Amino acid sequence: MLASLGRVHLRRPRSYRMANSPGGVLPRLAAAWRALTATAAPAAPSPPTGAATPSVAADAAAGGTVGVKRLNHVAVAVPDLAAATAFYRDVLGAAVSAPAAQAAHGVTTVFVGLGNTQLELLSPLGAESPIANFLARRPGGGIHHVCVEVGDLPAAVAVLRDRGVRMLAEEIKVGAHGKGVMFLHPADCGGVLLELEQA
């Protein structure tokens, strides 16, 4: 059977021939890669594990660190607090707190324990709630802010103000954990609403 077919000449598709022609895409990509790898400078060695980066070391020497410790929680605005609580408790099997009204912040909160951190479910409380405004723009809810702990909140706020980072309040307030908190303007934090909490 094979012998009866004789020689079969397979021709590559025209698109391949064009791409592989002297002026095609493949030779140009190969030439660019050769030029890049021939002139690339060797990567700088990584600092030893646990060593501070130069900017952090300089800040420490000047006594001006923010002192970030760890992620405390990620806050999620929800249109239905009871339904969201039931999802995390009954579907995912996570431990959840009882709802707690935070009148000073215009929210009702439920915390979802995740072992190494937690979620904070936020529901509007009162007509002036910032969460009501958030849900008006995003009716399905979504991530609202990220909270990190700092070792000395007043000092961190002072350092950040000196660096031009805007705060969303003049004074530190008491947050859901009974500790001082301050929110930073998202435009100065890469588009993220960042909450600092006293560790």
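How many salt bridges does the count come to? With a salt bridge taken as a side-chain nitrogen of Lys or Arg within 4 Å of a carboxyl oxygen of Asp or Glu, the count comes to 3. The model is a predicted one, in which local features need pLDDT of at least 70 and side-chain atom pairs count only at pLDDT 80 or more, while totals for chains, interfaces and linings use all residues. Residues are numbered from 1 along each chain as its sequence is written, and side-chain values use heavy atoms, leaving out hydrogens and water.

Side chains of opposite charge can pair when their charged atoms come close. Arg 70 pairs with Glu 149, their closest N and O atoms being 3.1 Å apart. This salt bridge links distant parts of the chain, with Arg 70 in strand S1 (residues 68-77) and Glu 149 in strand S6 (residues 142-150), 79 residues apart; strands here are DSSP runs of E with at least two residues, and helices are runs of H or I with at least four, numbered from the N terminus. Glu 149 is buried at 9% relative accessibility, whereas Arg 70 is partly exposed at 42% (buried means under 20% relative accessible area, exposed over 50% and partly exposed in between, with a 1.4 Å probe and protein chains only).

A salt bridge also joins Asp 188 to Arg 166, with 2.9 Å between the closest N and O atoms. Asp 188 lies in the loop between strand S8 (180-184) and strand S9 (194-198), and Arg 166 in the loop between helix H7 (153-162) and strand S7 (173-174), so the pair ties together parts that are 22 residues apart in sequence. Arg 89 and Asp 90 meet in a further salt bridge at 2.8 Å, N to O. Of these two, Arg 89 is partly exposed, at 41%, and Asp 90 is exposed, at 52%.

Helix H5 (residues 81-91) offers a good view of a two-sided helix. Leu 81, Ala 84, Thr 85 and Tyr 88 of H5 are buried. They sit on the same side of H5 because they cover an arc of only 100 degrees around the axis, the arc being that of the directions from the helix axis to the C-beta atoms. The buried residues of H5 pack against strands S2 (95-96), S4 (107-113) and S5 (118-124), where contact means heavy atoms within 4.5 Å. Turned away from that buried side is a face carrying the exposed residues Ala 82, Asp 90 and Val 91. After H5 comes Gly 93, with a positive phi near 75 degrees.
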